[in-house]
Amino acid sequence: MLQLGGGALQRLADRLAANPELAAAVGVGVVALVVAALLVRRLGRTHGERLRDALAEQDAVSVLLHPNPDADAMASGLGVAELAASVDTDATVQFAGQIRRQENRAFRTVLDVNLDRIDHVSELAAESVVLVDHNEPRGFAGADGVLPFAVVDHHPGEGSGELFTDVRTDYGACASIVAEYFEEVGATPVPPEAHDTEVSGLALPTRVATGLLYGILSDTNRLTRGASAADFAAAGYLHGGVDEDRLERIADPEVSTETLEVKARAIAGRELRGSFAVSDVGAVSSADAIPQAADELVGLEGVTAVVVLGDKDGTIHLSGRSRDDRVHMGRALGAAVDDIPSASAGGHARMGGGQIPPSVQADGTAEVTAPRGDDLVDRLFEAMSGEV
């Protein structure tokens, strides 16, 4: 390191005083060195450290899940709320819609997850909003006016946070990203038989570790669909803090009679073209039975990609699954409904979903205008084959 004595410093000062241009150049150089040092420090920090620091700057946050949240969304929200609590920031986990599938309801009950349902932007618990498991607010009145300060997600999209954005589309579950945060800030998963105070440093409570692991397992079909090396690593990190009894109670809840009936209709009514299958299960009282039927159908011998569709209150719900490298299910469903007014669809390579809502007439009545029968079935098969 260069060191200057008192005489040398005086001579340098005299020279700078006599040469303003040199003084200006030295000043710019010093500023550049400071900026570079700050950038190096910033770039050297992990995502977990950066999010925790960003949370520490807020008095309170709303951790917002996507509408009708699944286990991965709830687990991620639970994890971010715990990370906020570790820096004394109040966090409220909120969602729009309903929690439907039996394992999602079991997740909430078994882990005693405190969730706040909202219908309007005015019901957000704080001005600072963290989006988890989605990157653009939706599902409630005024959602388009929300500017999140942080986004944590694994779905494709253009949304971002004002202070923090971490979207990793190569991860099978958002819960894996959140688990990484805890590992990066040095948190120790607490075994189910221990107390949080028994570990040194920051603790990852067993309730949160169990939730994060189930979030990973549920979104990757027990690490068999769309799982990356990072998902496996996150599961390994969480393992020591998992309560196996709670995990089993979440994973194997009672299945409703209707869900079993919809699965049976999907299997019996499937149409096969090569290794692709499409099944229209007709009217359902719970749209959540449709993706469960798709999970069942893609497991049949000889079937590599499936789409199950059903009608709830005039809206056609689509759920697709693929274990075929030729079929990116999210893109296939998006292509299938691309020219249908008000329809939406998308997802990952291995799984996707979509909706085709009815059109609203001038008198306020809803009319199903989407193609049904052979037209929609043909369109879905063509999309899986890459012909649309």
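Which strands does helix 13 (residues 374-384) lie across, and at about what angle does helix 13 run to strand 10? The legends below walk through this predicted model one close-up at a time, and the first view takes up that question.

**View 1. Helix 13 lies across five strands that we can name one by one: strand 9, strand 10, strand 11, strand 12 (315-322) and strand 14 (351-356).** Helix 13 runs at about 145° to strand 10. Beneath the helix is an open sheet of six strands, ordered 9-10-11-12-14-13, with mixed pairing. At the edges stand strand 9 (271-273) and strand 13 (344-347); each has a single partner strand, so one side of each is left without a neighbour in the sheet. From one strand to the next, the twist averages 15°.

**View 2. Strand 11 (residues 305-312) pairs with strand 10 (residues 276-283) in the parallel sense and with strand 12 in the antiparallel sense.** Six bridges connect strand 10 and strand 11, and among the facing residues here are Asp280 and, in strand 11, Leu309. Eight bridges connect strand 11 and strand 12, where Val306 stands opposite Arg321 of strand 12. Have a look at the hairpin of strand 11 and strand 12 too: two residues lie between the strands, and Asp313 takes a positive phi near 55°.

**View 3. Strand 12 is covered on both of its faces.** In a regular strand, side chains alternate between the two faces of the sheet. On one side of strand 12 sit Thr315, His317, Ser319 and Arg321, on the other Ile316, Leu318, Gly320 and Ser322, and all are buried. That fits the tally for strand 12, in which eight of eight residues are buried. Strand 12 and strand 14 run antiparallel and are joined by six bridges; Leu318 has Gly354 of strand 14 as its bridge partner.

**View 4. A second close-up on sheets shows six strands in an open, parallel arrangement with the order 3-2-1-4-5-6.** Strand 3 (115-117) and strand 6 (164-167) are the edge strands, each pairing on one side only. Neighbouring strands are turned by 25° against each other on average, direction ignored. Within the sheet, three bridges hold strand 4 (residues 129-132) and strand 5 (residues 150-153) in parallel pairing, with Val132 partnered by Val152 in strand 5. Two helices are worth finding here. Helix 3 (residues 47-56) lies across strand 1 (60-64), strand 4, strand 5 and strand 6, and runs at about 145° to strand 6. Helix 4 (residues 71-85) packs on the sheet and touches strand 1, strand 2 (90-95), strand 3 and strand 4, its direction making about 145° with that of strand 4.

**View 5. Helix 4 packs against helix 5 (residues 102-110) at an angle of about 25°, with the axes 9 Å apart.** That angle makes the two helices roughly parallel. Ala71, Met74 and Ala75 of helix 4 meet Asn104, Phe107 and Arg108 of helix 5. By class, the contact comprises four nonpolar, one polar and one charged residues.

**View 6. Gln102 lies in helix 5 and is buried.** The relative accessibility of Gln102 is 11%, so this residue counts as buried. Which residues does Gln102 contact, leaving aside its neighbours within four places in sequence? They are Pro253, Glu254, Val255, Thr259 and Gln292.

**View 7. Here is a selection from the 18 salt bridges that the structure holds.** Side chains of opposite charge can pair when their charged atoms come close. Arg45 and Asp53 meet at 2.5 Å, N to O; Arg45 is partly exposed at 26% relative accessibility, and Asp53 is partly exposed at 38%. Arg168 and Asp166 form a salt bridge with their closest N and O atoms 2.8 Å apart, and both residues are buried. For Arg379 and Asp339 the closest N and O atoms are 2.6 Å apart. Arg379 lies in helix 13 and Asp339 in the loop between helix 12 (329-336) and strand 13, so the pair ties together parts that are 40 residues apart in sequence. Arg379 is partly exposed, with a relative accessible area of 22%, whereas Asp339 is exposed, at 56%. Finally, Arg101, Glu103, Arg225, Asp295 and Arg321 are linked in a network of salt bridges.

How values were computed:
Residues are numbered from 1 along each chain as its sequence is written. This is a predicted model: local features need pLDDT of at least 70, side-chain atom pairs count only at pLDDT 80 or more; totals for chains, interfaces and linings use all residues. Side-chain values use heavy atoms; hydrogens and water are left out. Two strands pair if DSSP finds at least two bridges between them. Helices (H or I, at least four residues) and strands (E, at least two) are DSSP runs, numbered from the N terminus. Axes are lines fitted to C-alpha atoms, for helices over the stretch in contact, and angles run from 0 to 180 degrees between N-to-C directions. Contact means heavy atoms within 4.5 Å. Angles under 35 degrees count as roughly parallel, over 145 as roughly antiparallel, 65 to 115 as roughly perpendicular and the rest as oblique. Ala, Val, Leu, Ile, Met, Phe, Trp, Tyr, Cys and Pro count as nonpolar, Asp, Glu, Lys and Arg as charged, and the others, Gly among them, as polar. A salt bridge is a side-chain nitrogen of Lys or Arg within 4 Å of a carboxyl oxygen of Asp or Glu. Buried means under 20% relative accessible area, exposed over 50%, partly exposed in between (1.4 Å probe, protein chains only).
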